[in-house]
Amino acid sequence: MASTVASIDATLKEVYEGDIRKQLNDDIIALKRIERSSDGVSHETPGKYVTFPVHVRRNGGLGSRNEGEALPTAGQQGYASARLALKSDYLGIELTGHSIDQSDKNPKAFAKSLDEEMERGRMDFKKDMNRQVYGNGSGAITTVRSVVTSTVIPVVDARLFWVGSHVIDIVTAPSTVAVTARTVIARDLTVGANTITISGAAVTTTVGQLITITGSVNREITGLGGIVQNSGLLYNINPSTEPEWTSEVDSNGGTNRALSEGLMIQMNDRIRGRGGKTTVILTDDATFRAYWALLSQLRGFTNTETFTGGYRGLKFVAGDDEIPVVSDYDAPRGTMHFLNEDELTLYRDEDIHWLNRDNSILKQKVDASGRYDVWQAHMVERHELGTGRRNTHGKITDITPA
């Protein structure tokens, strides 16, 4: 009888080659663009709040008069005080002493387990921050789009879930947690599907419920979803009393429409009419493809360009300005954000760092049952995204993807 691979299995060696192969999208386009210069980041965050004045009204004490008539009543400039507080984001790691010791030299493993968790954890932290840049502070990764009683949940956008990693809550807005601590075990990005599958028993959902990382509801930074709006309180300033404290928004009531240069030029002009300037247009992959197709139809050719800072994209020409259109996987579907990056600042007390107030990053795990040969560490960044000019930003929504 001939030998087979199965029969000689015990004699065969396993040959391991090379480094760990990357499988995940680590792009952080929006975060990098905001941090692209020292002007985009501020560490001046002492005290409880960051407060800055905002010029919101002109002096209306003017008018034309005939000879001898009373002069116009004096007016004055109008100001408001913007106030924001830093939010805290954390990421924790945990390893057994055995796993640390058994991977502390190259012949033992592809990578040292402790270094791997620390380095990749920092990247995961930044990747989640890039998602938050587009959020509204509610913590929602997406929302539920239909009523079901199931572990398969229909959502508006399933792209941003980390399968096998994200532990989520389902929240009835604004803050009632209906389902907690379920792991996302699968997602379906098929056109017309857009679902996530969660661990545990079936749950009953309602339309519009938020899906957040567990414990994060209303604790994330105020991202573009809260900043680039034409209504709503922002940094303690209410546009109902200060009408200049709004962004330009072109929506279509939730019904998708084809992208056109006319829509884009109009948005750029609306922002410019309020004294603003667009330095970048950030959008998702599908809307970026729609813009590429539009250029192809109009000009017969398109070429990507490399802009300052090494970002590749397409250019949008408006008057004398050439504005980069840049694709970011984490951007919301069907939306183009017209941003003035010079008016966006990431406030933080310091960069991502490990908690080590006792001069030890790794802490031994201790609970009511005793001590363990298990070691834990947490990284943190305290931060908030701010803008001094809400009306220099805008967005076009409800764009048909390509």
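Where does Pro174 lie? I looked this up at the start, and in this predicted model I found Pro174 in the loop between strand 8 and strand 9.

**Entry on the hairpin and the cis bond**

Having placed Pro174, I turned to the peptide bond that leads into it from Ala173, and I noted that this bond is cis, with omega near 5 degrees. I reminded myself that most peptide bonds are trans. I then checked the two flanking elements and recorded that strand 8 and strand 9 form a hairpin with three residues between them. Strand 8 covers residues 167-172 and strand 9 covers residues 176-188, and I see them paired in the antiparallel sense over five bridges. Within this pairing I find Thr172 opposite Thr176 of strand 9.

Strand 8 has a further partner in strand 12, residues 210-213, to which it is joined by four bridges, again running antiparallel. Here I noted Ile170 standing opposite Ile211 of strand 12.

**Entry on positive phi values**

I next looked up backbone angles, bearing in mind that most residues other than glycine have a negative phi. Ala181, which lies in strand 9, has a phi near 55 degrees, a positive value in a residue that is not glycine. Is Ala181 buried, exposed or partly exposed? I read its relative accessibility as 44%, and because buried requires under 20% and exposed over 50%, I enter Ala181 as partly exposed. Asn194 also goes on the page, with a positive phi of about 50 degrees although it is not a glycine; I located Asn194 in the loop between strand 9 and strand 10, the latter being residues 195-198.

**Entry on the nonpolar cores**

Which members of the largest nonpolar core touch the most other members? Of its 42 residues, I listed Phe52, Leu224, Tyr235 and Leu282 in that role. For Phe52 I then looked up the contacts, leaving aside neighbours within four places in sequence, and found Ala80, Ser81, Ala82, Leu84, Tyr235, Tyr347, Thr387 and Gly388. Apart from this core I recorded another, of 19 residues, among them Leu259, Ala318, Val325 and Ile396.

**Entry on the cavity**

I searched the whole structure for cavities of 30 Å³ or more and came away with one; the largest cavity has a volume of about 40 Å³. Its lining consists of Ala30, Arg33, Ile34, Val133, Leu224, Leu282, Leu339, Glu341 and Leu344, and I noted that Leu224 and Leu282 also appear among the core residues that touch the most other members. Helix 1, residues 29-34, gives the most to this lining, with three residues. By class, I entered seven nonpolar, no polar and two charged residues for the lining of the largest cavity.

**Entry on Leu91 and the chain as a whole**

I placed Leu91 in strand 4, residues 87-96, and noted that its C-alpha atom is separated by 6.7 Å from that of Val380, although the two residues are 289 residues apart along the chain. Not counting residues up to four places away in sequence, I have Leu91 touching Gly121, Asp124, Phe125, Ala377, His378 and Met379.

For the whole protein I looked at how contacts are spread in sequence, and found that residues 24 or more positions apart account for 74% of the contacts with a separation of 6 or more. I closed the page with the overall tally of six helices and 23 strands, and with the note that 42% of the 402 residues count as buried.

Terms used:
Residues are numbered from 1 along each chain as its sequence is written. This is a predicted model: local features need pLDDT of at least 70, side-chain atom pairs count only at pLDDT 80 or more; totals for chains, interfaces and linings use all residues. Side-chain values use heavy atoms; hydrogens and water are left out. Two strands pair if DSSP finds at least two bridges between them. A nonpolar core is a set of buried Ala, Val, Leu, Ile, Met, Phe, Trp, Tyr and Cys residues joined through side-chain atoms within 4.5 Å. Buried means under 20% relative accessible area, exposed over 50%, partly exposed in between (1.4 Å probe, protein chains only). Contact means heavy atoms within 4.5 Å. On a 1 Å grid over the protein atoms alone, a cavity is a set of points where a 1.4 Å probe fits but cannot get out, and a pocket is an open set with protein on both sides within 12 Å along at least five of seven lines; lining residues have an atom within 4 Å of a point. Grid points are joined across faces, edges and corners, and a volume is the space filled by probe spheres set on the points. Ala, Val, Leu, Ile, Met, Phe, Trp, Tyr, Cys and Pro count as nonpolar, Asp, Glu, Lys and Arg as charged, and the others, Gly among them, as polar.
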